[in-house]
Amino acid sequence: MKAAPFPLRILVGVLLAALLAVGFLQPLLTKGECAALVALGGRGKPYVFGAEGPDSYDCSGLTRSAYACLDVDLIHSAQYVAYDDRYLTVSDPAELAVGDLIFFDTVADKDKCDHVGIWIGMNRFVHASSSQMVVMISEFDEKWRGCYSWSKRVLPEEDTPTLAALSGRLKRALSPDEA
């Protein structure tokens, strides 16, 4: 039996390492933070309509792929997920938590959401941009605020702890004997 080509073996190794890393990091990070990290791993990869990785993505393909690592099955459609009542709607951008899906109305039509990204904090989100043709980080600036629709919290509230809870979790991780 012939061995797989070297580049394919490297790609499989990198994907396995990423999945293992998510498993190891999950006790230290919220699931939303893990989803954001997985999405950030796609930075620089090309935008291709209908793609959900690992070599290229469209916006909802990126979010679907990031959450699939956490056993969350999102539909490959920004519009469908945006209107899904199973997820908590977050209207105020000031209340966003890392990992929340952030939706935009970028096309002049009756639909209020046709683009999605994942909030990474610090006033930024990661998304597969059809205009820039690449997975990238964007600032939630005046341009994006102008077409902001709403956000969805895919994960339960207990998976998005407060800063105090994260601080306590970090302290326990760094010094488990004292916790």
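Let me start with one ring. Tyr148 comes out at 15% relative accessibility, so it counts as buried, since the cut-off is under 20%. Keep in mind that this is a predicted model.

Which ring does Tyr148 pair with? Its partner is Phe104. The ring centres are 6.3 Å apart and the planes sit at 70°, so this pair is edge-to-face. The pair links distant parts of the chain. Phe104 is in strand S2, and Tyr148 is in strand S6, residues 148-153. That puts them 44 residues apart.

Now stay with Phe104. Its relative accessible area is 0%, so Phe104 is buried. The whole structure holds eight aromatic pairs. Another of them joins Phe104 to Phe125. Here the centres are 5.0 Å apart, with 35° between the planes. That pair is tilted. Phe104 lies in S2, residues 101-104, and Phe125 lies in S4, so the pair ties together parts 21 residues apart in sequence. Phe125 is also at 0% relative accessibility, and counts as buried.

Step back from the pairs. Phe104, Phe125 and Tyr148 belong to one aromatic cluster. The other members are Trp119, Phe140 and Trp144.

Next, the overall layout. The chain has 179 residues, and 38% of them count as buried. There are six helices and six strands. What order do the elements run in from the N terminus? It goes α-α-α-α, then β-β-β-β-β, then α-β-α. On contacts, take those between residues at least 6 apart in sequence. Of these, 55% join residues at least 24 apart. The exposed surface is about 10300 Å². Carbon and sulfur atoms supply 60% of that surface.

On to helix H3, residues 59-68. Is H3 largely enclosed or largely open? Largely enclosed by the rest of the structure, because seven of its ten residues are buried. Those buried residues are Cys59, Ser60, Gly61, Leu62, Thr63, Ala66 and Tyr67. What covers them? The cover includes helices H2 and H4. It also includes strands S2, S3, S4 and S5. H2 spans 31-40, and S3 spans 115-121.

H3 also brings us to a pocket. The second largest pocket holds about 330 Å³ of space. It is lined by 20 residues. Closest to its centre are Tyr47, Cys59, Asp114, His115 and Ser130. Cys59 we have just met, among the buried residues of H3. Which elements supply at least two lining residues each? H3 does, and so do helix H4, residues 78-82, and strand S4, residues 124-129. By type, the lining has seven nonpolar residues, ten polar and three charged.

Tyr47 turns up again at Met133. Met133 sits in the loop between S4 and S5, and S5 covers 134-139. Leaving aside neighbours within four places in sequence, Met133 contacts Pro46 and Tyr47. Its C-alpha is 9.6 Å from that of Phe49. Along the chain, Met133 and Phe49 are 84 residues apart. At 46% relative accessibility, Met133 counts as partly exposed, because that band runs between the 20% and 50% cut-offs.

Last topic: backbone geometry. Most residues other than glycine have a negative phi, and most peptide bonds are trans. Three spots here are worth a look on screen.

Met133 is one. Its phi is positive, about 60°, and it is not a glycine.

Asp71 is another. Asp71 also has a positive phi of about 60°, again without being a glycine. Where is Asp71? In the loop between H3 and H4. Its relative accessibility is 74%, so Asp71 counts as exposed, the cut-off being over 50%.

Then the peptide bond. Gly53 and Pro54 are joined by a cis bond, with omega about 0°. Pro54 is placed in the loop between H2 and H3.

To recap. Phe104 pairs with Tyr148 edge-to-face, and with Phe125 in a tilted pair. H3 is largely enclosed, and H3 helps to line the second largest pocket. Asp71 has a positive phi, Met133 has a positive phi, and the bond from Gly53 to Pro54 is cis.

Methods
Residues are numbered from 1 along each chain as its sequence is written. This is a predicted model: local features need pLDDT of at least 70, side-chain atom pairs count only at pLDDT 80 or more; totals for chains, interfaces and linings use all residues. Side-chain values use heavy atoms; hydrogens and water are left out. On a 1 Å grid over the protein atoms alone, a cavity is a set of points where a 1.4 Å probe fits but cannot get out, and a pocket is an open set with protein on both sides within 12 Å along at least five of seven lines; lining residues have an atom within 4 Å of a point. Grid points are joined across faces, edges and corners, and a volume is the space filled by probe spheres set on the points. Helices (H or I, at least four residues) and strands (E, at least two) are DSSP runs, numbered from the N terminus. Ala, Val, Leu, Ile, Met, Phe, Trp, Tyr, Cys and Pro count as nonpolar, Asp, Glu, Lys and Arg as charged, and the others, Gly among them, as polar. Buried means under 20% relative accessible area, exposed over 50%, partly exposed in between (1.4 Å probe, protein chains only). Contact means heavy atoms within 4.5 Å. Accessible areas come from the Shrake-Rupley method with a 1.4 Å probe; for residues, only the protein chains shown count as cover. Rings of Phe, Tyr and Trp (its six-membered ring) pair if their centres lie within 6.5 Å; planes under 30 degrees apart count as stacked, over 60 as edge-to-face and the rest as tilted.
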